[in-house]
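I opened the model today to see how it is put together. My notes follow in the order in which I looked things up.

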Amino acid sequence: MDILKIGNKEFSSRLLSGTGKFRDKNDIKKMLEKSGSQIITVALRRVNLENPIDNILNYIPKHITLLPNTSGARNAKEAIRIAHIARVAGCGDFIKIEVIHDAKYLMPDNEETIKATKALANDGFIVLPYILPDIVTCKKLEDAGASAVMPLGSPIGSNAGLQTKSLIEMIIENSNIPVIVDAGIGLPSHAAQAMEMGADAVLINTAIATASSPALAARAFSLAIEAGRTAYLLKLQEQSKYANASSPLTGFLNL
Amino acid sequence: MISIKINNRDKQIEENSSINALLEFLDLKPSSVIVEVNLNIIKKDRYDKFILKDEDNVEIITFMGGG
């Protein structure tokens, strides 16, 4: 069995999903059933007192591992505070660190992310930091106690695919903890490519949640992830500049 | 009456109100929210006994969709 281990938990699915942007929150459960995804992200926000919305946790089956994110945090201190709130609220120990103060590209602040990772890992959290792909940052995160790293493929919600491909390849080659490609995966082929490169998992939210059928889109992504993973394990990646005939170039019929 | 801040807005509430009473007043289910008072997270089993004081800074938080 090909198992993904993050912190103290084991998973058979390599698709992490998100709960943002769903038109109908009831689609979240269908999406999880159809894709087999076992980890899902949620966000924390102040209740809008004039118009309170349903708690998203009511739409997530209990056996799914929650990965609350620290979105809204602009520095390590705020990320740490959000992580503690999530844990007290019963979300478990998993936390996706997201420290962002750039509203245009939503690029994460790697430096503050390292600080938050260190503090939260020391506090017993299973920390998954969202980062701009940088091998030096990844080593520091590993030393700080991160349980995985989540380099971005392209800006959040852009569906632009693996624009950071070569940087992510460096991370995969050198990381001792799982590498989960997060953000920008817009097509199943992007997900397959990430897995073929040797990523341990991918996180997809926008492309699934905004599809005309989130359940079918999730299925398509999970098939692509399985295909890419299998190809990686089989090492189906040797390339050549020249052709290599599928049948012997001898014994041709005399026509 | 006492004045407190709820999610950064000024609000007048009855003296000796517990967190549970406040949530009822705001029509919020205790099970669906997280409450912080002066940056301290209050555990749900204390909502009934925790009495709010004048000038308390209350944050009421919930989970929503995110990636």
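**Interface between the chains**

I began with the contact between chain A and chain B, which bury about 2,300 Å² between them, 63% of it on carbon and sulfur atoms. I keep in mind that this is a predicted model. I looked up which residues of chain A lose the most area to chain B: they are Arg46(A), Val47(A) and Leu49(A). Together they make up 28% of what that side buries. I then noted the residues in the contact: 30 from chain A and 21 from chain B.

**Nonpolar cores**

Next I turned to the cores. The largest nonpolar core has 60 residues. Ile28(A) and Ile204(A) have the most contacts inside it. I asked which element gives this core its largest share. It is helix 2 (residues 76-88) of chain A, with 6 residues. Another core, of 20 residues, lies apart from it. Among its members I found Leu49(A), Ile13(B), Ile19(B) and Ile60(B). Leu49(A) was already in my notes as one of the residues of chain A that lose the most area to chain B.

**Strand 10 and Ile204(A)**

I followed Ile204(A) into strand 10 (residues 201-204) of chain A. Ala201(A) and Leu203(A) point one way from the strand, Val202(A) and Ile204(A) the other way. All of them are buried. I checked the pairing of strand 10 of chain A next. Strand 3 of chain A runs parallel to strand 10 of chain A, joined by 3 bridges. Here Ser17(A) stands opposite Ile204(A). Strand 9 (residues 180-182) of chain A also pairs with strand 10 of chain A in the parallel sense, over 3 bridges. In that pair, Val181(A) has Val202(A) as its bridge partner. Setting aside neighbours within four places in sequence, I listed the contacts of Ile204(A), including Leu15(A), Ile185(A), Phe221(A) and Ile225(A).

**Arg14(A)**

I looked for Arg14(A) and found it in the loop between strand 2 (9-11) and strand 3 (15-18) of chain A. Is Arg14(A) buried or exposed? Its relative accessibility is 6%, and the cut-off for buried is under 20%, so Arg14(A) counts as buried. I then looked for a polar partner. A polar atom of the Arg14(A) side chain lies 2.8 Å from the backbone oxygen of Asp200(A). Beyond four places in sequence, Arg14(A) is in contact with nine residues' worth of listed partners, among them Asp2(A), Met195(A), Ala201(A) and Arg229(A).

**Helix 4 of chain A**

I went through helix 4 (residues 135-144) of chain A for buried residues and noted Thr137(A), Cys138(A), Leu141(A), Glu142(A) and Ala144(A). They cover an arc of only 160 degrees around the axis, so they sit on the same side of helix 4 of chain A. An α-helix has 3.6 residues a turn, so residues three or four places apart point the same way. What do the buried residues of helix 4 of chain A pack against? I found helix 3 (110-122), strand 7 (126-131) and helix 5 (165-174) of chain A. Gly145(A) follows the helix, with a positive phi near 105 degrees.

**The sheet with strand 7**

Last, I traced an open sheet of 3 strands in chain A, order 6-7-8, with parallel pairing. Strand 6 (94-97) and strand 8 (150-151) of chain A stand at the edges. Each has a single partner strand, so one side of each is left without a neighbour in the sheet. I counted 4 bridges between strand 6 and strand 7 of chain A. One bridge pair to look at is Ile95(A) with Val127(A) in strand 7 of chain A.

How values were computed
Residues numbered from 1 in each chain as written. Chains lettered and ligands numbered in written order. Predicted model: local features only at pLDDT ≥ 70, side-chain atom pairs only at ≥ 80, totals over all residues. Heavy atoms only, no water. Helix = DSSP H or I, 4+ residues; strand = E, 2+ residues; numbered from the N terminus. Buried < 20%, exposed > 50% of the residue type's maximum accessible area, 1.4 Å probe, protein only. Polar contact = N/O pair within 3.5 Å; in protein donor to acceptor, adjacent residues only side chain to side chain. Contact = heavy atoms within 4.5 Å. Core = buried A, V, L, I, M, F, W, Y, C linked by side-chain atoms within 4.5 Å. Arc of directions from axis to C-beta. Pairing = 2+ DSSP bridges. Buried area = accessible area lost by both parts, 1.4 Å probe.
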